[in-house]
Amino acid sequence: RFFRFSIYSPSVAARQLPQGGASAHPQRRAFAESGAAAAVFLYDPSRENGIPERPQTLRYSEIINIFSLNYAQSNAEGILNRLTSHKRSIPIMMLDRMEGNAELKTSVQQMLATRRLTHSVLLVGEAGLGIGFAARCIAADYLYPAGGAAAEALLRGECCRAVAKAGKRDSGTVETGIVREAISVSGMGSGGKYLVGQVTAMRSEIFNTSLSAEGRAVLLYHVERMNEESANALLKVMEEPPEGVLFLLTADSLASVLPTIRSRCVSFAVAPVSPADCTRYCAAQGVDKKTAALYSELFDGHIGTVLAVARDEARAAQVEKALELARAAAARDSYTAAVLLAAYEKDKAAASALLTDFRAVAAAGLRSSPRAPVQGTQARQAVRLADAALQRLGAQVNPKVVLTVFAAKLRTV
C-alpha cells in the first residue's frame, strides 16, 4: 500500500529529476543516463514518507498511452505471424487421401482437431468402396497427427494382427507388425467369421501393453461377420476401454451389425464416387487411364474394387471372362456360356467370384453404361439370374448343376 510503481522513459526521467540531482535520487539518475529501456517499473523512494496511495497509480499518462499503442501493435503483429506460421505448418491429414465423402472427412477431422472423437467409430459401405482404407486413414491421423513413416506404413496395413485357430479358444495371439500402436482384426473362421480367440487376444494386448504414441487404434474389419460370442468379448472392452484407445469398425451394412455393437458406435456411411472421379483418382495412382475408365464404369465408382482389379492380373482376367459371359448373354448364346463356365464346375469360390463380376457388368448395363455388353431388359434379367445362382451356391448346391442351369437360362435373356 505504501509503494508506488511508476513507468518512466529515460528522457522523461531526466527532465523530472528534483532538486539535489543524482545525490538525491541515484537510481533515477543512473537509469536516465543509461537509456537502457523504453519503460520499466521502478520503486519510487520519494514515497518512503509513508503517505498511503492507491496502488498502480500511473504517472505521466501520456507516456504510457503511447507505449501501450506501440506495444499493442507489436503484439498484434506477433500474434498474426504466429498464426500464419502455424497455418503453414499444419500437415495434410491422411484422411484427405480418401476420394469424395466430404462430409465424412470434415466431421472426423473436426472431431480429431478438437480431441472429441468418440472411442468407437463404425464405417459402413459396400464392398470395394475402400472403407478399410478410410479406417486406416483415421487411425493414422489419430495416432500420428504429423504424419511420417509410421502413418504411411499404417495406411498400407503394416500393423499388428490378432490371430487364432478355429476350435481353440486359448490360441489367440497378436502378431507384431511395423506399426505397434495399431492392431487389426479380420475374421479367420469359416466364411470369414470372427474367432473368440482373436478378440480376447486383442483385448489383452491393449490392456497390458504400454503406449508409445498418443494412444492405440484397433481396426475391426467386417464386424457383420461377428457372432454373439465374439461380440460379447468385444463389448467387455468397448464398454470400459483403456484411455487413449480408438476402435474403428467396418461393415457392409448397418443392419447386419449386432445391435449391441452398433449402439456403442458413431456411424458414418461411405459412398461411392462418380465414375469420372474414380477414373481420375485411379489414374493418379498409376492405373492406365483407359483401364481405369473401363473399370470405373463397370464397378460404379468403387475405387477399392477398381484398384484391386487393375493391380491383379488374375483378377483382371476374371473380369474379362465376366465380360465375355455378358456378351454371350447379349447374344443369347447359352453354348458359349456353358463352355466358359465348365472350367468353374469344381471350384465353388471361383464360380461365385465370376458370377459376382458378371452381376456387376449387368448392373452397369442397367445404368446405361455404354461399356456393358447387356443393356435394358436383358441387363435386368441377367442380374436376376446371377443373384439366383449366387444364392444357390451359398446354399451348398452342387456348382456344376448351378452353372449348367444358369447357362441354359441365358438363352431366354
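The exercises below work through parts of a predicted model, each with a solution in steps.

**Exercise 1. The sheet and its central strands**

Task: Work out in which order the strands of the open sheet of 7 strands lie and which of them are the edge strands, and then decide how many residues of β8 are buried.

Solution. Begin with the order, which is β5-β4-β6-β7-β8-β3-β9 with mixed pairing. The edge strands are β5 (173–175) and β9, since each pairs on one side only. From one strand to the next, the twist averages 25°.

Next, take the neighbours of β8 in turn. Strands β7 and β8 run parallel and are joined by 5 bridges, and Val-218 has Phe-247 of β8 as its bridge partner. On the other pairing, β3 and β8 are parallel over 5 bridges, with Ser-120 standing opposite Phe-247 in β8.

Then look at the two faces of β8. Val-245, Phe-247, Leu-249 and Ala-251 are buried on one side, while Leu-246, Leu-248 and Thr-250 are buried on the other, so that both faces are covered. With 7 of its 7 residues buried, β8 is therefore largely enclosed by the rest of the structure.

Finally, add the helices that lie across these strands. Helix α9 (residues 228–239) lies across β3, β7 and β8, and runs at about 140° to β8. Helix α8 (residues 196–208) lies across β4, β5, β6, β7 (216–220) and β8 (245–251), and runs at about 155° to β6.

**Exercise 2. The setting of Ser-184**

Task: Establish in which strand Ser-184 lies, whether this residue is buried or exposed, and which residues it touches.

Solution. The first step is to place Ser-184, which belongs to strand β6 (residues 179–185). The second step is to judge its burial: the relative accessible area of Ser-184 is 9%, and because the cut-off for a buried residue is under 20%, Ser-184 counts as buried.

The third step is to list the contacts. Leaving aside residues up to four places away in sequence, Ser-184 touches Cys-159, Cys-160, Arg-161, Ala-162, Leu-219 and Tyr-221. Among these, Cys-160 stands opposite Ile-183 in β6, and strand β4 (residues 159–163) pairs with β6 in the parallel sense over 3 bridges.

**Exercise 3. The two sides of helix α5**

Task: Check whether the end-to-end distance of helix α5 agrees or disagrees with what its 12 residues should span, and determine which of its residues are buried and which are exposed.

Solution. Start with the length: at 1.5 Å a residue, the 12 residues of α5 (residues 102–113) should span 16 Å, and because the end C-alpha atoms are 16 Å apart, the two values agree.

Now consider the buried residues of α5, which are Leu-104, Lys-105, Val-108, Gln-109 and Leu-112. They cover an arc of only 115° around the axis, and so they lie on the same side of α5. The general background is that an α-helix has 3.6 residues a turn, so residues three or four places apart point the same way.

The other side of α5 carries the exposed residues Ala-102, Glu-103, Gln-110 and Ala-113. As for the cover over the buried residues of α5, it includes β3 (120–124), α6 (131–143) and β9 (266–269). After the helix comes Arg-115, with a positive phi near 55°.

**Exercise 4. Salt bridges between distant parts of the chain**

Task: The structure holds 11 salt bridges; for the one formed by Glu-99, find which residue is its partner, where the two residues lie, and how each is classed by accessibility.

Solution. The partner is Arg-280, and the closest N and O atoms are 2.5 Å apart. Glu-99 lies in the loop between α4 (61–89) and α5, whereas Arg-280 lies in helix α11 (residues 275–284), so the pair, 181 residues apart, links distant parts of the chain. At a relative accessible area of 17%, Glu-99 is buried, whereas Arg-280, at 46%, is partly exposed. The pair also belongs to a network of salt bridges that links Glu-99, Asp-277 and Arg-280.

A second case can be handled in the manner of the one just solved. Arg-264 forms a salt bridge with Glu-239, with the closest N and O atoms 3.0 Å apart. This pair links Arg-264, in the loop between α10 (259–262) and β9, to Glu-239 in helix α9, 25 residues apart. Arg-264 is partly exposed at 30%, and Glu-239 is partly exposed at 47%.

Notes: Residues are numbered from 1 along each chain as its sequence is written. This is a predicted model: local features need pLDDT of at least 70, side-chain atom pairs count only at pLDDT 80 or more; totals for chains, interfaces and linings use all residues. Side-chain values use heavy atoms; hydrogens and water are left out. Helices (H or I, at least four residues) and strands (E, at least two) are DSSP runs, numbered from the N terminus. Buried means under 20% relative accessible area, exposed over 50%, partly exposed in between (1.4 Å probe, protein chains only). Contact means heavy atoms within 4.5 Å. The expected span of a helix is 1.5 Å times one less than its number of residues. The arc is that of the directions from the helix axis to the C-beta atoms. Two strands pair if DSSP finds at least two bridges between them. Axes are lines fitted to C-alpha atoms, for helices over the stretch in contact, and angles run from 0 to 180 degrees between N-to-C directions. A salt bridge is a side-chain nitrogen of Lys or Arg within 4 Å of a carboxyl oxygen of Asp or Glu.
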